[in-house]
Amino acid sequence: MTSPYPFTAIVGMDDLRLALLLNAVSPAVGGVLVRGEKGTAKSTAVRALAALMPDVDVVAGCRFSCAPGAPDPGCPDGPHEAAPGTARPARMVELPVGASEDRLVGALDIERALAEGVKAFEPGLLADAHRGILYVDEVNLLHDHLVDLLLDAAAMGASYVEREGVSVRHAARFLLVGTMNPEEGELRPQLLDRFGLTVEVAASREPEQRVEVVRRRLAYDDDADGFAARWADEESSLRERIAAARALLPQVELGDAALRQIAATCAAFEVDGMRADIVMARAATALAAWAGRTNVLEEDVRQSALLALPHRRRRNPFDAPGLDEDRLDQTLEQFGADDEPDPDHDPDPDPGPGPGPGPDGPDGGPGGGPDGDGGIPPQGQGPDADAASPTGPPESQPARAPGAGEQSAVRSAEPFRTKMLSVPGLGEGAAGRRSRARTEHGRTTGARRPRGALTKLHLAATVQAAAPHQRVRGRAGAGLVLRRDDLRQATREGREGNLVLFVVDASGSMAARQRMGAVKGAVLSLLLDAYQRRDKVGLVTFRGAAAEVALPPTSSVDAAATRLEQLPTGGRTPLSAGLLKAHDVLRVERLRDPSRRPLLVVVTDGRATGGPDPVALAGRAARLHAADGTASVVVDCETGPVRLGLAGRLAADLSGTAITLDELRADSIAGLVRDVQATTTRRAA
């Protein structure tokens, strides 16, 4: 087995390493969410943490990792007799994004449960992660039903498996660690709040540090075992320091002054609920134990705020996580402690993870320990502080200067609650909240024979299938004699997420600043609606002589909002080019994800210029979408007392519906969804 990459060999990433180490000291902190661009060692750091966790004592033979001194009284493998346990390394269990519900919570054999009354249970990943680490890479792409199960287990410290009245419960307390790339979409607020700490990571912009990263990685790839051996002393020292901090943790006192600062900070930043206060208190206590102290100081409160509050400050999906450090310092100063300084406090403590191998490290590179000198600087002050500065991904950069024939980007109007646009018919796409679909969750609509493993039993249909055969099967008692062929899978109807592709007119006809601001506000409102309904979104714009894909289909709604804000206007109106570009995008997406049904939203006034008979060309392009059966809505942006009605003609060519900006609001004309569905029904007829 290949040795994991050593935690102490990671270059930079000071905030990430500190957050992980605090959770190793005190798992009650509540886990870590690591946000950052791809290729920044997020997964490497999390996997390296598992090797530093102390061993756990478990009851021999227990599949649910019960502690010998305090076994779970409801353990499915119990009851356990008093006996010495066996030690094993703490586990790090990975939850794949595409995992099934049974793989996560465990599988219950329904056939044996109904026929024999036996709870034959195969543990899932939650049981494996008990008293260890549950790691979810790309946690923002996790399916909603898995998120719900994960939330329940994290909140209750136990997992429940329910199948038609047959239930199994087992303990499931774990350190939750997730990594994500914000460009691929944001997390649901409920899951976001479950993570105790959050860290933003980015690749260093310092050439020397990047060189050292490459040097160490190549050395590890060439000889993983040899590389790990060179860092063994540093790993051992760090492991001992974690154990010492854990032993010291119960002795740390959280005074009233520190509690006042924590409460005042959470109130000043208007975070929701009380979880932030509790997480800050636990993190500050862990920081004190990590520094070898028995009392919590203001510096601990400040550092815990930087780690625990940024992801709780978001008010809508388009807000970037962050914290105003000047405001934080003012709050801490205002509610600062009046007590005498701690006589045992070292004014220049070493908060790092332990002694490093010296200034050159074991590989001869700069920086011995995790940060080069054996310490972890405060957030935003480490050697990769430049990388973590608010330069952000490319889409967060200022829009380029407008060229000839175009105007600079116009700010969008305030978003509003929109009417629900849905794709008619019954789909089978990924779970979401927009269009009707056959799903694993929702209301039961019928029964069928199971294809593969049975997941949702339809009890009445199963009994009905088995009843005619009871005499032939020799039924003698009260029990029902079942065979596998009797089992029926429940079919359910819920909601799916769709691909909402926006085609936005950015030509000169839309360039009036007030008008374009209203258009952007409408699209921003639809993007917010797409975020709430778990859709993928894409953005095609057209102006001048051509159309372009401003954002390929993605789950990152905030990335689409950023591109929209930067969108300049001006030039001709190549409407046909925009529709043809959208047709190409949808053709590729149908091959890539055939179960996700598209919804085309064209935002235009219907005018078309450039080339011979541009309106006829746009009509022919629109009829391509109609021939593919794509559900379409045209948002008519035409204003003024004289209206040409071109958007309505475009909607007719698309076999879709045309609505005005005012009608898009949820509090205006009712029945928009019925109109879209009725139009498509007429088209099918």
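Which residues does Phe-7 touch, not counting residues up to four places away in sequence? In this predicted model, the partners of Phe-7 are Arg-17, Leu-20, Leu-21, Ala-45, Ala-48, Leu-49, Leu-52, Glu-235 and Leu-238. Phe-7 also belongs to the largest nonpolar core, a set of 66 residues. Together with Leu-197, Trp-290 and Leu-309, Phe-7 touches the most other members of that core. The element that gives the most to this core is helix α12, spanning residues 275-290, with eleven residues. As general background, nonpolar side chains in soluble globular proteins tend to be buried together.

Turning to empty space, the structure holds four cavities of 30 Å³ or more. The second largest of them encloses about 50 Å³. Its lining consists of Leu-421, Arg-434, Val-500, Phe-502, Leu-526, Asp-529, Leu-599 and Val-601. Two or more of these lining residues come from each of β15 (499-505), α16 (513-532) and β18 (598-604). By character, the lining of the second largest cavity divides into six nonpolar and two charged residues, with no polar ones.

Strands β15 and β18 appear again in the surroundings of helix α18, since the buried residues of α18 pack against both. The other packing partners of those buried residues are β16 (536-543), β17 (546-554), α19 (614-627) and α20 (646-654). Helix α18 itself covers residues 575-592, 18 residues in total, and reaches 26 Å from its first C-alpha to its last. That span is close to the 26 Å expected at 1.5 Å a residue. The buried positions in α18 are Leu-575, Ser-576, Gly-578, Leu-579, Ala-582, His-583, Val-585, Leu-586 and Glu-589. For reading such a list, it helps to recall that an α-helix has 3.6 residues a turn, so residues three or four places apart point the same way.

Two loop residues round off the picture. Gln-470 sits in the loop between α15 (459-466) and β14 (489-496). Gln-470 counts as buried because its relative accessible area is 6%, under the 20% cut-off. Leaving aside neighbours within four places in sequence, the contacts of Gln-470 are Arg-475, Leu-480 and Val-481.

Pro-96 lies in the loop between β4 (92-94) and α3 (101-105). With a relative accessible area of 44%, Pro-96 is partly exposed. Leaving aside neighbours within four places in sequence, Pro-96 is in contact with Leu-125 and Leu-142. The C-alpha atoms of Pro-96 and Leu-141 are separated by 9.9 Å, with the two residues 45 residues apart along the chain.

Methods
Residues are numbered from 1 along each chain as its sequence is written. This is a predicted model: local features need pLDDT of at least 70, side-chain atom pairs count only at pLDDT 80 or more; totals for chains, interfaces and linings use all residues. Side-chain values use heavy atoms; hydrogens and water are left out. A nonpolar core is a set of buried Ala, Val, Leu, Ile, Met, Phe, Trp, Tyr and Cys residues joined through side-chain atoms within 4.5 Å. Buried means under 20% relative accessible area, exposed over 50%, partly exposed in between (1.4 Å probe, protein chains only). Helices (H or I, at least four residues) and strands (E, at least two) are DSSP runs, numbered from the N terminus. Contact means heavy atoms within 4.5 Å. On a 1 Å grid over the protein atoms alone, a cavity is a set of points where a 1.4 Å probe fits but cannot get out, and a pocket is an open set with protein on both sides within 12 Å along at least five of seven lines; lining residues have an atom within 4 Å of a point. Grid points are joined across faces, edges and corners, and a volume is the space filled by probe spheres set on the points. Ala, Val, Leu, Ile, Met, Phe, Trp, Tyr, Cys and Pro count as nonpolar, Asp, Glu, Lys and Arg as charged, and the others, Gly among them, as polar. The expected span of a helix is 1.5 Å times one less than its number of residues.
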